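Q: Could we go through this model together? I would like to start with the cysteines and then move on to other topics.

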Amino acid sequence: MTAQLYAFTCGFLTIPRAFMLDGEPGFITVPVPSYLVVHPKGRVLFDSGLHAATLEDPAGYVGEMLARYHTFHFHPGEEIAARLVSIGVSPDEIDIVINSHLHFDHCGGNAQLPNADILIQSRELDHARAVESSRGYLLSDWDTGQRVRAIEGEYDVFGDGAVVCLPTYGHTPGHQSLRVRTESGGEFVLCGDACYLRDSLEQMRTPGVIADKEAALAVFHRLREMQARGVKIMYGHDPEFWKSVPQAPVRLG
Ligand SMILES: [Zn+2]
């Protein structure tokens, strides 16, 4: 079985470059991606971007600490619900949201997807519950009332190998990526923040903000092995790479 894969850029953030590549000076403006996976058994969203409240008042929503290090470039029409509507998909038709992790730029749109189950690694959920609204996490992003399905490690979403959650712990304690076998474009790995940039993987350079550096490097090795087998790696926040990513309704595969 295969699935159809679509990508959206849901706004941009300007952040210190060292967040992405440890030790680098200056700032970098990065895309905030989200993906739609259409499988015969359901519609899946991988990551949901920023919370709609940040369209108007980002500092008011994320708080002073996060606002100090993140400049928001996020405009009406770029939030995930509007992006879905723009390609003819109603947000209430999304069956499952898979969050790579629960940082504010990956699950802020969950609230806009009322009928979706939320699929998350149980150790990420435990961590998010423990830190509450601190360290990049905001309870109001992910504690939004949908059914939460906590999973452990690798998880085949539809039981046919087309859409598989891969544990890629390191960036956060329970980070996951998604492998998608597509109808027409081969296999993709949607990295989330397991690998921010093409340079991260090519130079094996870890970010400045990281929960477990050894685990993150082990993930880089696994991504490289998959890349060598022809799997396409979708870097999580690479501005140059994302310029070449076709936006929905054009399909990635
Ligand atoms: Zn991120």
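A: A disulfide is here a pair of cysteine sulfur atoms within 2.5 Å. The model is predicted, so local features need pLDDT of at least 70 and side-chain atom pairs pLDDT 80 or more, while totals for chains, interfaces and linings use all residues. Residues are numbered from 1 along each chain as its sequence is written, and side-chain values use heavy atoms, with hydrogens and water left out.

Q: How many disulfides are there in the whole structure?

A: The search finds 0 disulfides. Cys-107 is in none, and the nearest cysteine sulfur, that of Cys-10, is 13 Å away.

Q: Why is Cys-191 not bonded to Cys-195?

A: The closest cysteine sulfur to that of Cys-191 is in Cys-195, and at 5.1 Å this is too far for a bond.

Q: Is Cys-191 buried or exposed?

A: Cys-191 is buried, with a relative accessible area of 0%. Buried means under 20% relative accessible area, exposed over 50%, and partly exposed in between (1.4 Å probe, protein chains only). Cys-107 is buried as well, at 0%.

Q: Now the metal. Which residues coordinate the zinc ion?

A: Asp-105 (OD), His-106 (NE2), Asp-193 (OD) and His-237 (NE2) coordinate the zinc ion at 2.1 to 2.3 Å. Donors are N, O and S atoms within 2.8 Å of the metal (3.2 Å for Na, K and Ca); water is not among the atoms, so sites may look incomplete.

Q: Where do His-106 and His-237 lie in the chain?

A: His-106 is in helix 4 (residues 104-107), and His-237 is in the loop between strand 12 (232-234) and helix 9 (239-243), 131 residues apart. Helices (H or I, at least four residues) and strands (E, at least two) are DSSP runs, numbered from the N terminus. His-106 is buried at 2% relative accessibility, and His-237 is buried with a relative accessible area of 2%.

Q: Any enclosed space? How many cavities of 30 Å³ or more are there?

A: The count is 2 cavities of 30 Å³ or more. On a 1 Å grid over the protein atoms alone, a cavity is a set of points where a 1.4 Å probe fits but cannot get out; lining residues have an atom within 4 Å of a point. Grid points are joined across faces, edges and corners, and a volume is the space filled by probe spheres set on the points.

Q: Which residues line the second largest cavity?

A: Its lining includes the zinc donors His-106 and Asp-193, along with Pro-33, Tyr-35 and Phe-46. The second largest cavity holds about 50 Å³ of space, and the largest about 70 Å³.

Notes. On a 1 Å grid over the protein atoms alone, a cavity is a set of points where a 1.4 Å probe fits but cannot get out, and a pocket is an open set with protein on both sides within 12 Å along at least five of seven lines; lining residues have an atom within 4 Å of a point.
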